[in-house]
Each structure stands twice: as C-alpha cells, then as structure tokens.
Amino acid sequence: MFDWIWSRFENKEIILEIDNALVHNTHYPLTNITNSQIRVRFSLFDLVMAMGYGRKIGYPTKRPKFYHNAELLGRIIRDSNSDFRVEYLNKYPEYNTEISNKLGEGLSIIIANHLYSVQTPTISRIPRPGGISNPDFRALSTAGILIWEAKGSRDTFSQREISHAVSQKRKGINGNIRFVSLSHLKEDQISEVKVLDPPTDSTSDSEREMPLMRADHYVRVFNFIGQKELSKYFLYIRKRLLYNTDFPEFREKIDLFQKIKSKYIRLEITGGIYL
C-alpha cells in the first residue's frame, strides 16, 4: 500500500496564466514571467497535503484523510512527461466532478504559496454558515491576508462561470488581496491555471486574524492525520481566542491540556519539542 502511494509522489508542471493586475502584487521574480505565463513545478506530495489544508473544519476523527487524497493521484497520468494531466472516468461523470473540484482546490493553494509565500499554518477554508455565499479560502502571506475562490473543471470555463467565481471572492470577508484560481484540468495536454482579478482591501487586521487562522489550520492537520485529541484541543483553542473563557467546553479544554502535558510523549529535536 505505502509503495503504491509513495510511488506517486513525483514532480509535475502546470501552466500558470496571471492577470496583469496581479503581477505587481506578487513576490515572484518578474524576469521569469513571459506574457504573464509561467510554468510552475510542484511535487504530487505537496498537492496531497494542499488538499488536506483545504478541508472543512469538522468534528475531530481518528480516520486519516491523507490516504483518500492520495488515491486521487491515481487519476493523474504518469509517464516520462512532466506535464500535469488528468485521466477521467467516462462512466462516472459525478466522480470526474469530484476529481476536478478537489484537484482545483489543491492547485489553488500551491499557486497561492508559489506567488505569495503563504504561511501554511494559516490556510483555512472560509465558513459558509447557513449556506451563505463566501469565497473558498484565506491565508496570511507576504502580501497580507489573501482571499481566494478556487474552481477546477475538465472543460473550459464559460464566461458565466468566471463571472460567478469573481463575484464569490468579492464577498464581505476582509483581505488585502483577492483572486480567483481557475484550473482547467486536461487529459491530452498540460493543464492550465488562470489567476484573475485581485482588487485590494486595506481594512484587514492581519495580527488579529493570524492566531485564529493558525488554530483552524491545526484543527484540520491533526484531524487529517487521525490525531483526534490534538485536533479537538486546537478547536478549543480557537474558541478560547474568540470567547475568552465564556464557552461551554472551557473546562474540557483545561483537562485536555493537562492530559497532553502530562501523558503525551515529548521529544526534543534540534531545539523543537514534539508530542
């Protein structure tokens, strides 16, 4: 099983087309950009992890999500060509939609990191309480708070789909830079990602948002690898940041902290402490 998974951690490339308005807001060396297009190289392992970062915050579980995301790599065409191409299952159009959506979200996170040096622990999916329409993701970066909408599709995006995605990322979530990531995942040639329309917003408070975004991240990461208690602890940390001590599980948070502190194995490696 592990041989099957690890054999898929290869490097692939996509073509990234960047909105002209975005070029001046990115740390990427402009000398490497030709006609607003560049080739971006990434490892498939990073793609699996990116799909994990983009998970919704849910109740902590012991079932690792890593393997499910790794299974999606079975749909990526593997040959001597470094082009990122996707093999679709014509018998199962619903599954093809799931493949496109998850890969599109993962690629959007890789692109956000490539262009803006995203602080990985701050990547989070933006909640949609009551089904309200919000952008997909936010994160802290060298440019401040990023807000973006991510789409993935087997087919070329229509103007209607593009307009809808642009309207999504304009919703009322504070951010310094907003953009839309559209991944056209092709089977017969290299896939393309377009990054569009990044108006700025100077009203955000990055320092206030950072602890919440880090807590969100660790809830998902520990849930992703099946560490239920640690995931739950960071869920309580998030509530602590929002409500001080005024939330129902505050006593449980204290008890869980004492358990982690006293019973978990601690390893100190090059100055860092690991549980």
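Is Asp 255 buried, partly exposed or exposed? Select Asp 255 and find out: Asp 255 is partly exposed, with a relative accessible area of 44%. Before going on, please keep in mind that this is a predicted model.

**Stop 1: helix α9 and its charged side chains**

Stay with Asp 255 and add Arg 251 to the selection. The two side chains meet in a salt bridge, 3.3 Å from N to O. Asp 255 and Arg 251 are 4 residues apart in helix α9, so about one helical turn separates them. In an α-helix there are 3.6 residues a turn, so residues three or four places apart point the same way. Arg 251 counts as exposed, at 53% relative accessibility.

Now pick Lys 259 and Glu 229. Here too the side chains form a salt bridge, with 2.5 Å from N to O. Glu 229 belongs to helix α8 (residues 228–243) and Lys 259 to helix α9 (residues 250–263), so this pair ties together parts that are 30 residues apart in sequence. Glu 229 is partly exposed, with a relative accessible area of 28%, and Lys 259 is also partly exposed, at 33%.

**Stop 2: more salt bridges**

Across the whole structure, a search finds 13 salt bridges. Select Glu 192 and Lys 186 for another one: their closest N and O atoms are 3.3 Å apart. Glu 192 is partly exposed at 24% relative accessibility, while Lys 186 is buried, with a relative accessible area of 12%.

Next, show Glu 13, Arg 39, Arg 41 and Asp 83 together. These four residues are linked in a network of salt bridges.

**Stop 3: aromatic rings**

Which residues make up an aromatic cluster? Select Tyr 218, Phe 222, Tyr 233, Phe 234 and Phe 257, which form one cluster. The search of the whole structure finds 9 aromatic pairs. For one of them, display Phe 42 and Phe 84: the pair is tilted, with 5.7 Å from centre to centre and 50° between the planes. Phe 42 sits in strand β2 (residues 37–43) and Phe 84 in the loop between α4 (66–72) and α5 (93–116), so the pair ties together parts that are 42 residues apart in sequence. Look at the surroundings of each ring as well. Phe 42 is buried, at 5% relative accessibility, and Phe 84 is buried with a relative accessible area of 0%.

**Stop 4: strand β6 and its neighbours**

Colour residues 177–184 to bring out strand β6, which is mostly covered, with 8 of its 8 residues buried. Turn on the side chains. In a regular strand the side chains alternate between the two faces of the sheet. In β6, Ile 177, Phe 179, Ser 181 and Ser 183 point one way, Arg 178, Val 180, Leu 182 and His 184 point the other way, and all are buried.

Add strand β5 (residues 144–153), which pairs with β6 in the parallel sense over 8 bridges. To find your bearings, select Ser 153, which stands opposite His 184 of β6. Then add strand β7 (residues 192–196): β6 and β7 pair in the antiparallel sense, over 5 bridges. A handy pair to select here is Ser 181 with its bridge partner in β7, Val 195.

**Stop 5: helix α5 and the residue after it**

Trace α5 from end to end. At 1.5 Å a residue, its 24 residues should span 34 Å, and the end C-alpha atoms are indeed 34 Å apart, which agrees.

What is the phi of Ser 117, which follows α5? The phi of Ser 117 is near 50°, a positive value in a residue other than glycine. Most residues other than glycine have a negative phi. Ser 117 is found in the loop between α5 and β3 (124–125) and counts as partly exposed, at 30% relative accessibility.

**Stop 6: a pocket to finish**

Finally, go to the second largest pocket, whose volume is about 230 Å³. It has 15 lining residues, and those closest to its centre are Asp 46, Ala 50, Ile 109, Ile 110 and Asn 113. Select β2, α3 (44–53) and α5 to view the wall: each supplies at least two residues of this lining. Which element gives the most to the lining? That is α3, with 5 residues.

Key
Residues are numbered from 1 along each chain as its sequence is written. This is a predicted model: local features need pLDDT of at least 70, side-chain atom pairs count only at pLDDT 80 or more; totals for chains, interfaces and linings use all residues. Side-chain values use heavy atoms; hydrogens and water are left out. Buried means under 20% relative accessible area, exposed over 50%, partly exposed in between (1.4 Å probe, protein chains only). Rings of Phe, Tyr and Trp (its six-membered ring) pair if their centres lie within 6.5 Å; planes under 30 degrees apart count as stacked, over 60 as edge-to-face and the rest as tilted. The expected span of a helix is 1.5 Å times one less than its number of residues. Two strands pair if DSSP finds at least two bridges between them. On a 1 Å grid over the protein atoms alone, a cavity is a set of points where a 1.4 Å probe fits but cannot get out, and a pocket is an open set with protein on both sides within 12 Å along at least five of seven lines; lining residues have an atom within 4 Å of a point. Grid points are joined across faces, edges and corners, and a volume is the space filled by probe spheres set on the points.
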